[in-house]
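Biologist: I have a model open and want to learn how to read a sheet in it. Can we go through it step by step?

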Amino acid sequence: GGVFEWAKAMADPVRFVDLDKTHADALFAATFGTEGTEKEAVKAWCDQPIRMDPETGVIRQRRAGPCACIAPVQARAETHRRFGTEEDAETALRHALVDALWCAGGREQAALVATRRALHEHEHEMAAAVDLSLEGAVLDASSQWEESFVVARVNTKEDLERAVERAQNCLESPLGALLLLLSALESRGVERAMLDRDDASHPLVTPPFGHASQEVVHLLLCGKAVSNVFNGTITLGETPGEGAGHALVLQGVPSHPEVGLITMLEFLRYCEVGSFLKRPKYPVWVVGSESHYTVLYCEDEKVQDLDRGQALRRWARERFDALDQSGGGGFIPVESLDGLLDKIGVALPAESLQALKASAVVLWTELLGALAAVDPQYASNNSTAVSFELVHVNNILKKDASGSLAPRICRIRVAVPPPWEECMDGEAKAAALLGGSQKEGPLVDCIRTRWHRALCSWTGEEPSIV
């Protein structure tokens, strides 16, 4: 029997082993900082199962804090349910967890942290005893993590799927959100995750309510714990006091993710979300407010293409206007052309480039014509308002009309007018599509950072992003 068990273990590519002291200490420091942190912050993360409600297909969030993990996973699950083959919410959730952790591991490897039940699944009495000891526990010391957790490290997505399936009962326990966060950090590597951040001196989860940073959302959406929402990296000149040659590099989102993000902070002018997050692979976004994350999606994948030409022209014009020293005259010095084209990301043919450089200034109309010759979408002229429907999901439990605690799901009708320069009465056309019943609110402000001047309408209670 011992030989058989040994052979079975050697043949199994998914093996959970003890989380050693070094990894437990590093994970605790990255997540909560020094031990003795406010117990309420840790408690929020020890009381949140990662489990789909079978009726609504929504993860039920019990308290503030873990939304930085819940919203990205809910959003990823929607990509499978709306644009994949998984109509079953539980299967979609399992695939969402695999996607997030595999992405965090650079699509080369991943890790899954679980309770010891995963290691001793054949010893049912021991597993039950371990689970009972953790029920309602607040694990606020790294030594408790070392005693309570195990980890599986895998090198294929198929093995990760097996690990997630085996540890499903752990993820559905009150420790689920904490295990997911630790698994993402282990998949990325704690040291690499800290290097992703602009400032790693603060923990990812902060007291008193256990709110997680934007970097946790990015880790689960993009695979890197970057601090910023712009595209790529920005290098700022020499850092004072460090000598010549030392520059400050701010890391943003490296590429188009499968799920994007829009945020109230852009409406408030604190940041500008880049096109990578605004135009993800699927029309699904995490929505950030000042203190909470929710989910927004469209069931029609074609919504991404409705305003692509407008977005391209707007992106190019904003970069052009930043170099226009005439105060809005519509021209820039010819010396600025090469840098502008680099920012826009378009390579013009040598003949077009030579024609634009024939005079001392470059006119916007001439540049737009050259861009349209390379990509016809720059020339698309649309004077028609477009409409579509979005679905907003707020996972946190709130009292509904019947007085029961439930997540909030709201369908929102959206109408987007054409640009001012193409249609002066565009807003009237868009309002007509909604029957004149447009409404305002914080979510509408967020939607307008993705679809400029959008008008929105819904039935019933206003959708909440807090």
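Modeller: Start with a hairpin. This is a predicted model. Here E9 and E10 form a hairpin, with 4 residues between them.

Biologist: In which sense do E9 and E10 pair, and over how many bridges?

Modeller: First the general idea. Strands of a sheet pair through backbone hydrogen bonds, either parallel or antiparallel. In this case, E9 and E10 pair in the antiparallel sense, over 5 bridges. One of the pairs to look at is Val 286 with its bridge partner Val 295 in E10.

Biologist: How many bridges join E10 to E13?

Modeller: There are 3 bridges between strand E10 (residues 293-297) and strand E13 (residues 386-399). These two strands run antiparallel. Val 295 stands opposite Val 393 in E13. Tyr 297 has Val 391 as its bridge partner in E13. So Val 295 is a residue to click twice: its partners are Val 286 and Val 393.

Biologist: Which way do the side chains of E10 point?

Modeller: In a regular strand the side chains alternate between the two faces of the sheet. Now look at E10. Tyr 293, Val 295 and Tyr 297 point one way, while Thr 294 and Leu 296 point the other way.

Biologist: Are the residues of E10 buried or exposed?

Modeller: Buried means under 20% relative accessible area. By that cut-off, 5 of the 5 residues of E10 are buried, and the strand is mostly covered.

Biologist: What is the strand order of the whole sheet?

Modeller: The order is E8-E9-E10-E13-E14-E15. It is an open sheet of 6 strands, with mixed pairing.

Biologist: Why is one side of E8 and of E15 left without a neighbour in the sheet?

Modeller: Strand E8 (260-263) and strand E15 (455-458) stand at the edges. Each has a single partner strand, so one side of each lacks a neighbour in the sheet. Neighbouring strands are turned by 30° against each other on average, direction ignored.

Biologist: Which strands does helix H4 touch?

Modeller: Helix H4 (residues 67-83) packs on the sheet and touches strand E9 (284-288), E10 and E13. The direction of H4 makes about 15° with that of E10. Helix H19 (residues 426-433) also packs on the sheet, touching E13, strand E14 (405-416) and E15. The direction of H19 makes about 135° with that of E14.

Biologist: Which residues make the nonpolar surface patch of about 230 Å²?

Modeller: Ile 234, Leu 236 and Leu 248 make that patch. Leu 236 lies in strand E6 (residues 233-238). Leu 236 is partly exposed, with a relative accessible area of 38%.

Technical notes. Residues are numbered from 1 along each chain as its sequence is written. This is a predicted model: local features need pLDDT of at least 70, side-chain atom pairs count only at pLDDT 80 or more; totals for chains, interfaces and linings use all residues. Side-chain values use heavy atoms; hydrogens and water are left out. Two strands pair if DSSP finds at least two bridges between them. Axes are lines fitted to C-alpha atoms, for helices over the stretch in contact, and angles run from 0 to 180 degrees between N-to-C directions. Contact means heavy atoms within 4.5 Å. Patches are made of residues with over 30% relative accessible area and no salt bridge: like charges are joined within 9 Å, nonpolar side chains (Val, Leu, Ile, Met, Phe, Trp, Tyr) within 5 Å. Accessible areas come from the Shrake-Rupley method with a 1.4 Å probe; for residues, only the protein chains shown count as cover. A salt bridge is a side-chain nitrogen of Lys or Arg within 4 Å of a carboxyl oxygen of Asp or Glu. Buried means under 20% relative accessible area, exposed over 50%, partly exposed in between (1.4 Å probe, protein chains only).
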